[in-house]
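I open these notes as a record of what I looked up, beginning with one residue and ending with the chain as a whole.

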Amino acid sequence: MANAYTDRKLSARYPTDLAAWKSLAKHYREDMRERTLTELFSRDKKRVARFGLEANDLFLDYSKNHLNATTRKLLVQLAKQANVPAAIKAMFAGERINKTENRAVLHGALRAKISDTVALETPGVPEVWEVLTRMESFVDDVHSGKIKGSTRKRLTDIVNIGIGGSDLGPVMASRALKPYWRDGIRFHSVSNIDGTQLADLKRELNAETTLFVICSKTFTTLETMSNAKAARRWVVEQLDEVAVQYHFVAASTNHEAMDDFGIRSDFRFGFWDWVGGRYSLWSAVGLSLALVVGMDVFKQILSGGRRMDLHFRQAPFDENMPVLLALLGIWYNNFFGAQSQAILPYDNRLERFPAYLQQLQMESSGKSVRMDGKPVRCDTGMVIWGEAGNNAQHSFYQLLHQGTRLVPIDFILPAKSSGASQAQQNLAIDNCLAQAEALMDGFDVEGLEPYRVHKGNNPSNMILFAELTPEALGQLIALYEHKVFVEGVIWGIDSFDQWGVELGKKLAADPRSANASTLSLRDRIKRLL
């Protein structure tokens, strides 16, 4: 069946030749470039209500942005002219929208119900629920003590071994959901190739009670397998060769390599080529997380993601939270010239969420070639950065308030404390709201020293929800996944490949080099060793 997205032919100047793009450029020059946020508020007493949106458990206040009703209308027209509706249908139908790798993109299927009819005929999709059932059985057996270590002791320390999304996902979510950890179970992670994380962990772990979860689709990823082999050596040294079968489980599809490593067949959990690394938390890569929080909590995360999927598929674009966030990103990136965006959560349990979004957005949108192989005709992904709450205020807010660059901000704010003092969370709320207000309004009075002036007029979104629950976390993750996808559709890029990471890996695999600087540095390193 023909699809307006998968069958589209990009014009030479796409997307800058779209009628809505041209109208937005004119609107920016003539109406919005010099208009301040305070002026927009003074002209529209109902602005907060007009530019607020609720989706499931999340509320988005986007009133503190450089837009009016005309801007929103033109941005929605841009999304439609760029075939975003058809792109959404194509993704959930299982069409191969990852063009360079000729793959479907179906992380949405990992959290769907059968009744959602998400690409049910795509190979692998009918197996999703079987894998979830096997994961649940395994997790329950570890918690009950049915599955034990080789010396018959309970497994109490879960060590995730992965890199990229198979590390950032479980690490971010495990920290966010610390109040949901099962009693007596601890989470650890090993990712970097230098070996220091595992070296430090070995000082506190008991091999008899440790379970390693290796996450590598191919079971060949350099960083992951280097750490996995080092962990294997440690287990053999501490216990014996047979212990490998009791203390290692894998999320992978390379059965031959798992045979060689010693992973038993019932300790293997597969996933599919239509699951990208930065979207893999929803798959068996989330096993380490499920072992720590329980499968019931893991399913709540899936449920939250599914609810955002349904909103994304069904809501009109002017009421569609992922679409609106994407369009605001386009607005600031391509018309205001913003080069970066800050993610600022006011709950320290979300301290790794900015890093998680950094990979999601920069690996997806850091492209300079369109899907038709031609150079892009506009800027694509912004630099994503951030930090949690008041730590950020005492770190880089100085630049946000008095620097020279425009930095759009996403504030992320739960109303209730996630397991600590509500009185202290109230202080975090006060600080978050005050910072958003100060960044918008600024401060300047006659006679004030120039160095005390706050220019204001800095845009921000406020994403508000009651509490950092597993459902809310799932919704947040899916919200940004879809935001990134919509941006990529409009720019005409493939948001689901990552060829930019390949060259460095190739050069690292073969240390021989003709580069003069590299040769000199290697010589100096030899003298330092």
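**Entry 1: His247**

I looked first at the side chain of His247, where a polar atom lies 3.2 Å from the backbone oxygen of Ala207. I note that the model is a predicted one. I placed His247 in helix H10, which covers residues 244-247. Is His247 buried or exposed? Its relative accessible area is 0%, so His247 is buried; the cut-off for that term is under 20%.

I then listed the contacts of His247, leaving out residues up to four places away in sequence. Among them are Gly149, Ser150 and Leu155. Ala207 is also in the list, together with Glu208, Thr209, Thr210, Leu211 and Phe212. Val235 and Leu239 are further entries.

**Entry 2: Gln475**

I turned next to Gln475, which I found in helix H19 (residues 470-491). Gln475 counts as buried because its relative accessibility is 0%. Which side chain does the side chain of Gln475 meet in a polar contact? I recorded Asp57 as the partner, at 2.8 Å.

With residues up to four places away in sequence not counted, Gln475 touches Ala55, Asn56, Asp57 and Leu58, and also Gly304, Gly305, Arg307 and Met308.

**Entry 3: Arg527**

I looked up Arg527 in helix H21, which runs over residues 516-528. Arg527 has a relative accessibility of 53% and therefore counts as exposed, as the cut-off for that term is over 50%. I noted a polar contact of 2.5 Å between the side chains of Arg527 and Asp523.

I also checked Arg527 against Phe317, which is 210 residues away along the chain. How far apart are the C-alpha atoms of Arg527 and Phe317? I read a separation of 61 Å.

**Entry 4: The whole protein**

I recorded 21 helices and 11 strands for the protein. Its radius of gyration is 24 Å, close to the 24 Å from the globule rule for 529 residues, so the protein is as compact as a globular protein of that length. The C-alpha trace spans about 75 × 60 × 55 Å along its principal axes.

I found that 53% of the 529 residues count as buried. Of the contacts with a separation of 6 or more, 75% join residues 24 or more positions apart.

For the surface, I noted an exposed area of about 23,400 Å², with 50% of it supplied by carbon and sulfur atoms. The protein has 64 positive and 61 negative charges, and I recorded 3 Å between their mean positions.

Note on methods: Residues numbered from 1 in each chain as written. Predicted model: local features only at pLDDT ≥ 70, side-chain atom pairs only at ≥ 80, totals over all residues. Heavy atoms only, no water. Helix = DSSP H or I, 4+ residues; strand = E, 2+ residues; numbered from the N terminus. Rg over C-alpha atoms; globule rule 2.2 N^0.38 Å. Buried < 20%, exposed > 50% of the residue type's maximum accessible area, 1.4 Å probe, protein only. Contact = heavy atoms within 4.5 Å. Areas by Shrake-Rupley, 256 points an atom, 1.4 Å probe, with all protein chains shown as cover. Lys, Arg positive; Asp, Glu negative; His and termini not counted. Charge placed at Lys NZ, Arg CZ, Asp CG, Glu CD. Polar contact = N/O pair within 3.5 Å; in protein donor to acceptor, adjacent residues only side chain to side chain.
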